[in-house]
Protein chains: 2
Amino acid sequence: MIARGNGKEQKLIAQKNAKQENFRTLDKSLRIQKIIDTATDLFRRKGYRSTSLDDVSRELGVTKAAIYHYVSSKEEILSIIYIQALQHIFRNTNEILNKDIPPNEKLRLLLSNHVKNIIIQPLSMMCVFFSEENQLPEKEFRKIQNEKNKYNRIVEEIIKEGISLGIFRKTDPKLQTFAILGMCNWVYKWYKPKHGSFTPDQIADHFVNLLETGYLKCNQQKTQFLLESEQQKKGKTVTKKEYYQRLRTQCIDMLNLIDKMEKSG
Amino acid sequence: MIARGNGKEQKLIAQKNAKQENFRTLDKSLRIQKIIDTATDLFRRKGYRSTSLDDVSRELGVTKAAIYHYVSSKEEILSIIYIQALQHIFRNTNEILNKDIPPNEKLRLLLSNHVKNIIIQPLSMMCVFFSEENQLPEKEFRKIQNEKNKYNRIVEEIIKEGISLGIFRKTDPKLQTFAILGMCNWVYKWYKPKHGSFTPDQIADHFVNLLETGYLKCNQQKTQFLLESEQQKKGKTVTKKEYYQRLRTQCIDMLNLIDKMEKSG
């Protein structure tokens with residue numbers, strides 16, 4: 001038993017030395033990122049509040065003093081994680097917003113970018129980003145909230161523009177933003193990068209298609225609209241014959257519209 | 001200063017006595033729920049791992065021994081929270097599944113029910129439910145995973161049925177389930193019951209409408225489909241005149257179809 005115990009101990013010491021060596025061989029500029037990445041993994045596994053700087057230093061195989069050389073506190077590490085995560089989330093947004101394209105194309109690009117930005121990151125970072133916000137120091141909390149709100153407003157403004165141009169359905173833009181971003185954000189909960197059978201592109205395309213056109217087939221949607229508009233005019237019963245007649249009228253209206261469009265160039 | 005200190009101390013003692021009294025006046029059958037609710041709030045605020053049974057007993061103003069009278073451990077409390085949350089999530093699902101209605105109506109009811117089940121619960125419960133899963137004891141973790149998978153499969157099966165009946169667009173049902181439930185689940189992240197300007201019904205309706213028909217207006221969707229199908233037939237350029245002609249042909253096809261439908265009853 002003693003021999004096994006010693007063997008295990010020696011193995012642990014060897015592991016610690018290897019980790020320490022690993023950290024020391026890194027360029028100084030990369031060491032802070034190594035601390036952040038290690039802390040991020042621990043925060044995700046154990047939760048921010050249950051992780052101490054001792055845990056981080058143990059995981060890195062260095063002393064706590066060595067860590068203090070790069071960051072002043074656990075709070076600072078968390079703030080850095082949030083800043084980096086936001087940088088990832090905002091990546092490419094300016095380029096997309098500056099494009100001279102209609103709001104539907106803009107939203108398509110932005111959402112696709114958003115989903116991929118979440119998936120392509122180390123998922124630990126997004127797990128921490130979406131769950132430890134309340135642990136941030138007051139000032140940082142407000143800063144991060146502002147940035148998140150800024151992102152939401154970008155989406156909301158595109159939706160408003162699309163509605164005013166008659167490209168998007170008329171609906172509450174705030175609620176629409178929550179709904180759309182909710183679907184995209186939730187991806188960090190179920191996406192498994194290693195065993196996943198879907199690529200980031202496939203997921204992004206799937207989401208955007210669903211959000212643009214819904215899960216109902218187009219003919220079903222039309223029936224749905226007709227039924228709803230009928231339900232609104234309560235009390236008035238419509239016969240099947242009337243429905244067919246209406247459909248015919250709509251087709252003829254459409255034919256007239258096509259003629260007009262062609263003539264106007 | 002001493003007087004103020006004493007005053008504060010007396011106030012704390014009075015609060016503790018009031019809490020204790022509060023707990024004791026409860027019917028025995030309600031006391032366990034009081035423990036669960038108090039723990040749920042603490043888990044949400046401080047995280048599960050950072051909350052001890054001492055914290056729970058302090059919050060309730062009772063001894064830890066009094067708590068052990070009702071639950072054996074912190075793990076048991078967490079397991080009970082998960083079981084109760086799942087009961088809420090599954091509420092009404094059997095009634096909906098047993099209805100003799102087409103898959104689109106079934107999915108509409110199920111999703112609306114899902115959103116409302118999340119919102120109507122104390123949000124603390126859903127916060128814990130969606131974030132502390134990894135803290136469950138191994139056996140309970142697997143049980144909860146099974147139940148969650150069961151719920152996902154219910155949605156997936158309805159989607160498969162809808163696709164096979166030609167009511168839903170053809171798409172990957174698994175990915176579709178993740179996307180749809182993601183939007184619905186995320187509601188616990190932003191919904192504020194007290195200051196919210198949206199009712200649970202409004203949110204549920206909004207989500208289901210968006211998921212069924214998408215954010216693009218119907219005419220935009222048609223343009224999108226045409227463009228996509230054209231892009232697929234790469235190399236072949238289509239003139240504007242040809243587009244107009246195609247639209248006309250489609251209208252005439254539709255008119256013929258309406259005639260046929262009317263004749264067949």
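**Figure 1. Interface of chain A and chain B in the predicted model.** In this interface, 61 residues of chain A are in contact with 61 residues of chain B. The two chains bury about 6300 Å² between them, and 62% of this area lies on carbon and sulfur atoms. L175(A), W186(A) and Y215(A) supply 14% of the area that chain A buries against chain B, more than any other three residues.

**Figure 2. Polar contacts and helices at the interface of chain A and chain B.** Across this interface, 27 residue pairs are in polar contact, both residues being at pLDDT 80 or more. Helices of chain A that each supply at least two residues to the side touching chain B include α2 (28–46), α7 (103–120), α10 (173–185) and α14 (240–263). The largest share, twelve residues, comes from α14(A). By class, the side of chain A that touches chain B has 29 nonpolar, 17 polar and 15 charged residues.

**Figure 3. Salt bridge between R248(B) and D259(A).** The count between chain A and chain B is two salt bridges. In the one shown, the closest N and O atoms of R248(B) and D259(A) are 3.0 Å apart. Over all chains, the whole structure holds 21 salt bridges. The pair shown here crosses between chains, from helix α14 (residues 240–263) of chain B to helix α14 of chain A. R248(B) is buried, with a relative accessible area of 14%, whereas D259(A) counts as partly exposed at 31% relative accessibility.

**Figure 4. Salt bridge between E133(B) and K148(B).** The closest N and O atoms of this pair are 2.5 Å apart. The salt bridge links distant parts of the chain, 15 residues apart: E133(B) is in the loop between α8 (123–131) and α9 of chain B, and K148(B) is in helix α9. Both residues are buried. Leaving aside neighbours within four places in sequence, K148(B) is in contact with F129(B) and E133(B).

**Figure 5. Salt bridge between K160(B) and E157(B) within helix α9 of chain B.** The side chains meet at 3.6 Å, N to O. The two residues lie three residues apart, about one turn of the helix. K160(B) is partly exposed at 37% relative accessibility, and E157(B) is partly exposed at 44%.

**Figure 6. Helix α2 of chain A.** α2(A) has 19 residues and reaches 27 Å from its first C-alpha to its last, close to the 27 Å expected at 1.5 Å a residue. Its buried residues include R31(A), I35(A), I36(A), L42(A) and F43(A). The helix is followed by G47(A), whose phi is positive, near 90°.

Definitions and conventions
Residues numbered from 1 in each chain as written. Chains lettered and ligands numbered in written order. Predicted model: local features only at pLDDT ≥ 70, side-chain atom pairs only at ≥ 80, totals over all residues. Heavy atoms only, no water. Contact = heavy atoms within 4.5 Å. Buried area = accessible area lost by both parts, 1.4 Å probe. Salt bridge = Lys/Arg side-chain N within 4 Å of Asp/Glu carboxyl O. Polar contact = N/O pair within 3.5 Å; in protein donor to acceptor, adjacent residues only side chain to side chain. Helix = DSSP H or I, 4+ residues; strand = E, 2+ residues; numbered from the N terminus. Nonpolar A, V, L, I, M, F, W, Y, C, P; charged D, E, K, R; others polar. Expected span 1.5 Å × (residues − 1). Buried < 20%, exposed > 50% of the residue type's maximum accessible area, 1.4 Å probe, protein only.
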